[in-house]
Amino acid sequence: MADDYKPPALPAPFTNTRPAPELLTQGAEAHLYKTVSLDPSIPAALKIRPFKPYRHPILDRRLTRQRIIQEARCLAKLVREGVSVPGVLALDWEGQGGDEGGWGGAWLMMEWIDGPVVRVVLEKWEAWMKKNASSLDSAQLQHEEARVKDLLRRIGKTLGALHKAGVVHGDLTTSNLMLRTPPQVSDCGPTGVSMEGEIVLIDFGLASQSMQDEDRAVDLYVLERAIGSTHPRSEPLMEEMVHGYRESHRGATSTLKRLEDVRMRGRKRSMIG
Ligand SMILES: Nc1ncnc2c1ncn2[C@@H]1O[C@H](COP(=O)(O)OP(=O)(O)OP(=O)(O)O)[C@@H](O)[C@H]1O
Ligand SMILES: [Mg+2]
């Protein structure tokens, strides 16, 4: 992040938090901070959707409020259903303070997930393999392949649990999947990249409630495309994800059938356009 970037002032009460919340990422819509919860020894993630000066204030307020409430509602429901997502600690959909004097934007404070996003895990692994795979013997190669496949299978399983709970994510990328680092990592392989830990789904700003095969299949397809575009030889990996998904719930079979259609439509579209 550029050193000279100055994020908008934090909404109350975070202007009083010591140490001050630390800005981690700044997307188009949201700023993500690491901070602490009411108990200062417990870390928390703070997602702020700041005021957008270029949008009509009433519309801006309504849209922002809608997205933050939607996200919190999904997270709360998914926690209840036992799906692996960060728990909600607090939220304010009419955040006070900030640059504009009145409204500073809405915020959501949630459980801090200690660990990398899957995108980083795969990128690191991929980079190491690209450089050094030739130095591995066949048993080591097999072991590395098995580790990645296992990761993909667990991702499929977690997505199955999500869909089973009646929610589609709406923005599945490897940046919206985290890997919670376990207290003890036992296997980093020769690559030094751990793939152990629980998959945690984040970023539910575009999620919705749906039990439709079409919506579920599109969710899977979007992730498939995201992985395919960054990861060479991704087909066997997708197969593992599908395996994990299939094992996760009864409705999976018809969703996966629909996934075939969605893929076909995608292929046709890319042939024409
Ligand atoms: N609960 C959490 N614990 C730890 N890190 C988190 C947590 N939530 C988000 N992050 C980190 O912050 C990044 C951005 O969060 P998130 O994906 O929710 O926001 P975004 O993509 O900017 O939002 P949106 O797409 O809804 O505008 C994540 O990729 C992850 O690295
Ligand atoms: Mg995101």
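Q: What makes the link from the Ser210 side chain to the backbone nitrogen of Gln212 a polar contact?
A: The two sit at 3.0 Å. A polar contact is a pair of N or O atoms within 3.5 Å; within protein, one must be able to donate a hydrogen and the other to accept it, and residues adjacent in sequence count only if both atoms are side-chain atoms. So 3.0 Å fits the cut-off of 3.5 Å. Keep in mind that this is a predicted model, where local features need pLDDT of at least 70, side-chain atom pairs count only at pLDDT 80 or more, and totals for chains, interfaces and linings use all residues. Side-chain values use heavy atoms, with hydrogens and water left out, and residues are numbered from 1 along each chain as its sequence is written.

Q: Why is Ser210 called buried?
A: Its relative accessible area is 8%, and buried means under 20%, with exposed over 50% and partly exposed in between (1.4 Å probe, protein chains only). So Ser210 counts as buried.

Q: How do you know that Lys52 and Glu29 form a salt bridge?
A: Their closest N and O atoms are 3.2 Å apart. The rule asks for a side-chain nitrogen of Lys or Arg within 4 Å of a carboxyl oxygen of Asp or Glu, so this pair qualifies. Lys52 lies in the loop between S3 and H1, and Glu29 in the loop between strand S1 (22–26) and strand S2 (31–36), 23 residues apart. (Helices are DSSP runs of H or I, at least four residues, and strands are runs of E, at least two, numbered from the N terminus.)

Q: Are Lys52 and Glu29 buried or partly exposed?
A: Lys52 is buried, because its relative accessible area is 7%. Glu29 comes out at 32%, so it counts as partly exposed.

Q: What makes Asp60 and Arg55 a salt bridge, and how is each one classed?
A: Their side chains meet at 3.1 Å, N to O, so the pair passes the salt-bridge rule. Asp60, at 0% relative accessibility, is buried, while Arg55, at 21%, is partly exposed.

Q: Why are Lys149 and Glu145 about one helical turn apart?
A: Because they are four residues apart in helix H3 (residues 138–164). They also form a salt bridge, with the closest N and O atoms 3.4 Å apart. Lys149 is partly exposed at 22%, and so is Glu145 at 45%.

Q: Which residues are linked in a network of salt bridges?
A: Lys47, Arg49, Glu71 and Asp203. The structure holds 20 salt bridges.

Methods
Chains lettered and ligands numbered in written order.
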